[in-house]
Amino acid sequence: MTNVYSFDGILVFGLLFICTCAYLKKVPRLNGWLLSEKKGVWGVFYKAAIIGTRLHIAVAISCLAMAFYVVFLK
């Protein structure tokens, strides 16, 4: 089990956060509600969604590599 206080736990949390925000960007009702702000605290969700959609190949490869690490190496 990974915890948030280790480096790999922070990486897992970051990847899951980016993937979740990119998915929520595709849902029209949540897109207007959650991802409408581009500045401030709520802007973090918007920026994570942009990273997830523009760098989707790199994020997917990172998710696969982290899954391999968590399942087989840790």
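Here is a short walk through the fold, from the whole chain down to one helix pair.

What you have in front of you is a predicted model. The chain holds four helices and zero strands, so its elements simply read α-α-α-α when you start from the N terminus. If you picture the C-alpha trace in a box along its principal axes, that box spans about 40 × 25 × 15 Å. Of the 74 residues in the chain, 23% count as buried. Take the contacts between residues at least 6 apart in sequence: 57% of them join residues at least 24 apart.

Now let us step into helix α3, which covers residues 43-54. Its 12 residues reach 16 Å from the first C-alpha to the last, close to the 16 Å expected at 1.5 Å a residue. Within α3, the buried residues are G43, A48, A49, I50 and G52. What lies over them? The cover of these buried residues includes α1 (7-25) and α4 (56-73).

Those two helices also meet each other, which makes them a good next stop. Two packed helices are described by the angle between their axes and by the distance between the axes. For α1 and α4, the angle is about 140° and the axes are 10 Å apart. Angles over 145 degrees would count as roughly antiparallel, and α1 and α4 are therefore oblique to each other. Their crossing is left-handed.

At the residue level, α1 brings D8, L11, V12, L15, I18 and C19 to the contact, where they meet V59, S62, C63, M66, Y69 and V70 of α4. The residues of this contact divide into 10 nonpolar, one polar and one charged.

Methods. Residues are numbered from 1 along each chain as its sequence is written. This is a predicted model: local features need pLDDT of at least 70, side-chain atom pairs count only at pLDDT 80 or more; totals for chains, interfaces and linings use all residues. Side-chain values use heavy atoms; hydrogens and water are left out. The expected span of a helix is 1.5 Å times one less than its number of residues. Buried means under 20% relative accessible area, exposed over 50%, partly exposed in between (1.4 Å probe, protein chains only). Contact means heavy atoms within 4.5 Å. Axes are lines fitted to C-alpha atoms, for helices over the stretch in contact, and angles run from 0 to 180 degrees between N-to-C directions. Angles under 35 degrees count as roughly parallel, over 145 as roughly antiparallel, 65 to 115 as roughly perpendicular and the rest as oblique. A crossing is left-handed if the near helix is turned anticlockwise from the far one by less than a right angle, and right-handed if clockwise. Ala, Val, Leu, Ile, Met, Phe, Trp, Tyr, Cys and Pro count as nonpolar, Asp, Glu, Lys and Arg as charged, and the others, Gly among them, as polar.
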